[in-house]
Structure formats: structure tokens, C-alpha cells
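User: Please walk me through how the helices and chains pack in this model. Keep it short.

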Amino acid sequence: MMTQASPATRFLTIKNSMLGLLGIFAIVASQFGGGYMVYLINLVCIFTLVSIGLNLLVGFSGQISLGHAGFFAIGAYASGLLGKNLDMPFWLSIPLGSMVATAIGALIALPALRLKNLYLAIATLGFGIVTQKLIFEWRAFTGGGGGLQVPLPKFADYDLSDGRHMFWAILFCLVIGAWMANKVAHGRTGRALAMLRESEVAAGCLGIRISHYKVIAFALSAFYAAIAGGLYAYLVRYINPESFNTNMSIMFLAMIVIGGMGSIPGALMGAAFYVIVPELLRGFKEAPGLVFGLSLVAVMVLMPTGLIGIWRKFEAKKS
Amino acid sequence: MKLDNLQVKSVSVSFGGVQAVRNVSFTVEPGRIVGLIGPNGAGKSSLLNCISGLSRPDAGSVMLGSKELVGLRPDQIAECGLGRVFQHPEVIGELSVLDNLLVACHRNLQFSVLSEMLGLPSVRQAEMKAREEVEKVARLVGLHESLQMNAASLPYGHRKLLELGRVILLGSKLLLLDEPIAGLNEAEIEQLAQLIMTLRSKGNLSVLLVEHNMGLVRQLCDEAVVLDAGQVIAQGTPEQVLNDPKVLLAYLGEVVENA
Amino acid sequence: MIAELIIGGLASGSLYALIAIAIVLVLQATDIPNFAQGEMSMFSTFVAYTILNRYGLSWWGVLPLTLVLAAIQGVIVQQVVIRPLLGAPVLNAVIATLGLNIALHSLAAMIWGAQTHVMQSPLADVPNFKFFGVNVAPDSALSIVVSVAMILIFTLVLRHTRAGIALRAASQNQAVAKLMGIPINRAFAMAWAMGAVAGAVAGLLVAPIVFLDVNMMSPLLIKGFAGAVLGGLGSLGSVFVGGLMLGVIENLMSAYISASFSEALSFLLIIFVLIVAPSGIFGRVKTKKV
């Protein structure tokens, strides 16, 4: 019979304590830090959501996506447009807009079922490019290259446009999103996805419906990216298609790789890396690109389990 | 699941112009252990792949009881009661042995992804039940000490036991074992052989076994089917088959282990 | 009118084909899609440009040096980035080459700045000529001729030289090749050297047409992959045809359907082709034994 530690001691692991401390830091900094610091913290939370979702697809299921900026963009535009054209409050337009992206994600999974590796990479790359182009060309609807002005995020009559207030909405989504992803990762779906990655052939013979799970992986990752996109739209209040390009898709991949694939704390680390590095290197024009590029190479060659892998080795050595 | 017989009827398979399996027919009666033997390249793996749904035969049918398996997806065939154990065990290294075994527990874990995400109590209950089943099966195959271990640190022999545990958890009534003792030492071979016989009697299973080791075939199998160049050249008890001159001829040039 | 569109499409398609060849040389040999190929080519081209301007050599004088440097570049990338990733999932190499792509791009921008330069063409003095009544720039014609020449040369190398045959053996089955005493590492280094050389040739031919700047190759890389996938990754010939086809299809779509959507439409077409024929139009899937 397995011995069970009491719920309290199981909860107070080093990892959870660190996350807790980080959370407290984020809350304090967001409320009392300068406007720019608040903005950065909000961005980190938003991109952590993207990473968590992308992790389910790439880290767990072993699929490649070079076009996730597309889902981020669809989430941003769908919620922004719902808010602008139908006067929908943000807490309604974001979930609804994300359903659109999720449906598209499920559709994208269908060709993905037959494609692997390089072919899947090209197909997802194509998806990202086509999405960006569609948003750009559909001028009448999306505002095209001129961009879209997103209305104020309002909860009842309470105006959340201040970053410090928007932070609570974003944090709420992040906590719930992380909690749900954790449930999925450690349950039946997570195991099925991992088996899928290990060997599709063996997975099939174990009764796992491969197409079903691939669609779930794509749809979930699209959902997370879209919610993040919606939050992003209401945070920055002005979006335009140029930012949702292939480079952003690659950066999304970079986040989970550098942070550590298949891990939620890793997602946070990757997102932090993505937001903070360009800030640290602000004076040097091309430096962020160089640092990101080299980091990607270095992580893959030296430390494929990413930053969280380094942390785990450190933890293992201590025990 | 009830125990049915597996009927392979006139199955032919070709790949890229090469005829791998030619008009093969045989039956695995309920509760029997049938050995599928033959020299390398005889088409045994191709036949197993057909039966488990990984490839389609050009002609013929595979029936489990009254159900036609040809045309079904591998996961559908698994749901019908056919459990395939591969030659090389596929385990998820980063997960525990317990989690690896849980992969096979579909029947208890029937709920939507949404319920899973919301962490509903029904999900938690189902998981607990599944875990109890896993512990029972782990005890049966001898893995209950290793349940919390990372699957990556399992020795090869134990990985084979894990695969066997999975098909039991799947509820399979017909096991397809592809060279199950390859890579095992003598003690492990004996352990696995005993396990298969226990499963057959206690679990009321049938087994189709691809093997090269004639000693094991003699020990375990009620019947043997011999394939050579894609065709059945002999069928019968292991004694009959291993003394058949056609079979010996087919194996000439091959090292026949423990004959 | 349609002749113009087709020939124009062949012209742009020839650029895609050049890059596709470089990509597939490496992909066939080592199973790794080199997403850094574009920036590697751009880098080699800038190096050539610098040598041209600083030392006043002729284009033909710079060529051999550029090719040698490109070969070295390929070997370095393979040794430092790719070799450690042997045996790891392909995804790792994809990400590593993507990272290399970004790094090289930034590095080039740091070294050579953001300006656009005019790159000398080897055929600077050759006038336009007419083909089926359509004006053809000699640079475009050269791209096609060189593509075909490269395919022939590399195919000959792969089929009839010891090193080439060793490389093909190594790419088919590493374990067996090792047992036969084939130096896998050297074979793969050679493959990457060949890819880098093909890439440098691509860059040198592309630059006079689209002008030389650090962003020169980024759009072409994606098209190169797309064209290669369209034609099927089975052989150098099929990706060559795929690249040309992509150019022609894009041009036709641009004229008859929509100029601004032509790129997006081409991708949709490719995705559609992949759904119907997962290994491209001429491709054959490498089968794995279960």
C-alpha cells in the first residue's frame, strides 16, 4: 500500500512555495510598480498562457506547430471585434472569441492527422501565414493594416483599462488555465498524449483513438493561445496584423523550449525569458535576436530539458 | 468480454510488389495458445500487423467471433479484445510505471476532456478505481514494487512485463505476442512463460505467439502454425510440426534454437 | 499573356528551386530540415560581397573562395549544432536550426547593417533575351541552368563517388553503415557542406535579382520548403520541379485570382496537396519497419 503524505506537506513543496512567492511578488509589483513594470508582468502572464497551451501540443503530444501566432491573432481579433461591433464586455467577448479559434484549431487538426514532422511544420507554417494575410486583407472587417482599436475592458461599470486592474483579470485566467492544464496533464488525456508522442503505433494498439487526441491537443492549444490573444488585445487596446507574424510563432516555440517542454513552471520561465530579455538588451538593436537564437541552439544542444530541467537537476541533487 | 475464436481466412498481403503473406488461414480457438513460427522473412510480422489493424490485407478476412476485423482501426480492434504486445516495448520514460499502466485503463476512465479540466469528483473517483485495478494487475505480473519508479529506469525484462500488464488492463481476451522472450535471460523467460500460462487459465485468454525459441513453443503452445515465404506449410501440435520434414527444410540454413 | 506569366513564374520558381535543392541535400542525407538554410546562404553571400568590394576581385574569382567558405560553414554548423542532436527527435533539430536562423540574421544585421546593397551579377554584360516572345532576364535563365547543373553534379557525386555512396549508406541505416566501417560523422559533415555550398550558390544567384540585404532570404526559405514539399522530398529532381511549379502557380494565381492573396493561396494549395498526397506530388514515403 502506498504511503500518503498529509495534504498539507504534499502542498508545501519547494516548487509550490516558489510559485507562491513569485505570485506574491507579481501581485505586489503589479500594484505598486511603475506602469511599465506592470505592463511587463501582464505580458509575462499572457505569454505563459500561450506556453501552457502550446506545451500540450508540442511538449506532450510531440506535434510541431510553426503557426500558433495565428491562433493568438484570431483570439485577439475575434474578441476585439465582438467587443467593438456588438458592444460585448470583455469577459464575454474573450471566451466567445476563443471558441472561434478553438473550432479552427480542431479543423486544422484534421489535415494534421495525416502529416508528420516536416510536412506538419510546413502546414502549420502555412496556417500562420494565411491567417495573418487574411486579417490584413479583410480590411472592411478587421481594419487591415490600419489596425483595430479595441474597446475598454469593463466589468459591470468598473473600468479595467489600467494595467494594475487588468492584471487581476489576467492573473485569474492564468491561475485557472494553469490549474486546468495541470489536471489534463496528469490525467487520462495527458497520458494518452504522451503515449501518442512515444509511439503512435503502440498507442493505437492500446485502444487510444489517435485522431481524437490529436484534435484535442490542437484545439486545447488553440484555446489557450486565443484566450491569451484576447487578453492581449484588451491590454494593449490597439492591435494590427503585422505583429502576429511567423517570427512570433517561432518565439512561442522558443518559449516552451527554453523554459522546458511539458512543464507548467517551464512555461512561466520561458515566457519570462521572452519578455525580459529584449528589455535587458534594449540599447543593443539586434542583440535580442542573437540572444534568442543562440539560446535556442544552446538549450537544444546542451540542455534539451530547458531551464526547468536545470532546476529539476538541482532539486534532485539536493535530495 | 467473452472469449471468441480468431479466424484468419485466406489472408494475403503484399508490400510494394512483394508478396509477404499468401493465402494464410488458421484459427485460434478460445483458451488455446497457438504458436506462429517460421524462418525470418516468412511473413509473421506482416501477418500480425494485419491482424492488429496496422496494415490492410489485399484479400481475406480476420474474424474475432462474428466480428470482421479487416478495415477497422487499431484502436477499434483493441476495443474488440485483441491485445498486441510488440517486440520492442514502448514505454513513456518520464512517467511512472503506474502511469504507464494507467494508459491502458480506458474502460474505467470514460469522461469528457471538459470534466477532466474541471476536476469533477466523478473524474477523481474513476481515477482511483483505475489505480486500484492497476495495483491488482501489477501484483499479478510482478511489478507492484516498481509502480512509483520512472519507466525509464525499468530493466528490459520488466518493460516486457509492463506491456503484458497493459494488455491485461485493456481487458484483452486474445493476446498477440511478438517474440515475447527476445532479449530476456533464462530466469526471466521462465517467469514470463509461467505468467502466460497463468493468464491463460485464470484470465481465460487465448494467445497467438510469434516465436523463434522452439523450447518455448513446445512448452507453451497447444498448436503451431508454420509460415514459410508467406504460406502455411504445416499446422498441428508442436511435436507434429517440429518433426515435419517440410518444416525442417524451411529452417535449413537457419539456426534452430533448442529444437 | 499566359506565356509571360508562366515564364515569369519559372523565373521566380527557379529561385525557390535553388534553395529547395540545398534543403533537400541535407534532408535526404541526415533527415533534418535545415531551417537555417536561408540565413546561411545570406551570410555566405554577404561574405562574398565583402570580398568582392574590398579586394576588387572579379565575380568568377570570388566564386571558388565563397564556395570553400560555405563548405566550411556547413561543416561547422553540422559539428557544433547538429552532431550533438543525433538520435534526438527531429523536433529538436528543427528548433535548433530555427534558433540558428534567428541568430545568424541578427549577427548579419549587426555586421552589415540594414542597408540594401547591389550585388554584382556574373552575367552583368549579357542583355535580356527573348524566349517564346517573352523577355527573360539572363539572371533568371542562369538560375535554372545552374539548378539543373547542381542537380546533375550532386547526383553524380552521390552515386558514383566513394564518399557519396558512403553518405547514402549512412543516411539509409546508420547502425549498419557504422558496422561496415563507414565514418558516419564525416559523411554527414560532407552532406551539410554540400547543402551549404548549394545554399551559397543560391544566394549568389538570388542577390543580383532581389538585391542584397539581410532580409533577402527569409521569404525565399519558406517558399523553398513549400516548393520542396509540393514536389515531394524524394529526389533533387522532384524538388526542382516543385519549386518551379510553385513559382508558376503563384504567378498564375496572382494574375487570375488575387495579387495580394497569391502567397496565402499557394500555401492553401500546398496544404491541400499534402492532405491528398502526404508525400508530395512525386514523393515516396520512407517506410519504417514496425
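The questions below take one helix pair first, then the chain contacts, in what is a predicted model.

User: How are helix 2 and helix 4 of chain C oriented to each other?
Analyst: Their axes come within 8 Å and cross at roughly 25°. Angles under 35 degrees count as roughly parallel. Therefore the orientation of helix 2 of chain C to helix 4 of chain C is roughly parallel.

User: Which class is most of that contact drawn from: nonpolar, polar or charged?
Analyst: Helix 2 of chain C gives residues including C:Met40, C:Phe43 and C:Phe46. Helix 4 of chain C gives, among them, C:Leu104, C:Ala108 and C:Trp112. The contact has one charged residue, three polar and seven nonpolar, and the class asked for is nonpolar.

User: What is the handedness of the crossing of helix 2 of chain C with helix 4 of chain C?
Analyst: The axes cross at roughly 25°. As helix 2 of chain C passes helix 4 of chain C, the crossing is left-handed.

User: Which helix gives the largest share of the side of chain C that touches chain A?
Analyst: In this contact, 38 residues of chain C meet 33 of chain A. Helix 4, helix 9 and helix 11 of chain C each give two or more residues. The largest share, 17 residues, comes from helix 4 of chain C.

User: How many charged residues are on the side of chain B that touches chain A?
Analyst: Chain B puts 26 residues into the contact, and chain A puts in 21. Helix 2 of chain B has the largest share of chain B's side, four residues. That side divides into 14 nonpolar, three polar and, for charged, nine.

Technical notes. Residues are numbered from 1 along each chain as its sequence is written. Chains are lettered from A and ligands numbered from 1 in the order in which they are written. This is a predicted model: local features need pLDDT of at least 70, side-chain atom pairs count only at pLDDT 80 or more; totals for chains, interfaces and linings use all residues. Axes are lines fitted to C-alpha atoms, for helices over the stretch in contact, and angles run from 0 to 180 degrees between N-to-C directions. Angles under 35 degrees count as roughly parallel, over 145 as roughly antiparallel, 65 to 115 as roughly perpendicular and the rest as oblique. A crossing is left-handed if the near helix is turned anticlockwise from the far one by less than a right angle, and right-handed if clockwise. Two residues are in contact if their C-beta atoms, placed from the backbone, lie within 7 Å. Ala, Val, Leu, Ile, Met, Phe, Trp, Tyr, Cys and Pro count as nonpolar, Asp, Glu, Lys and Arg as charged, and the others, Gly among them, as polar.
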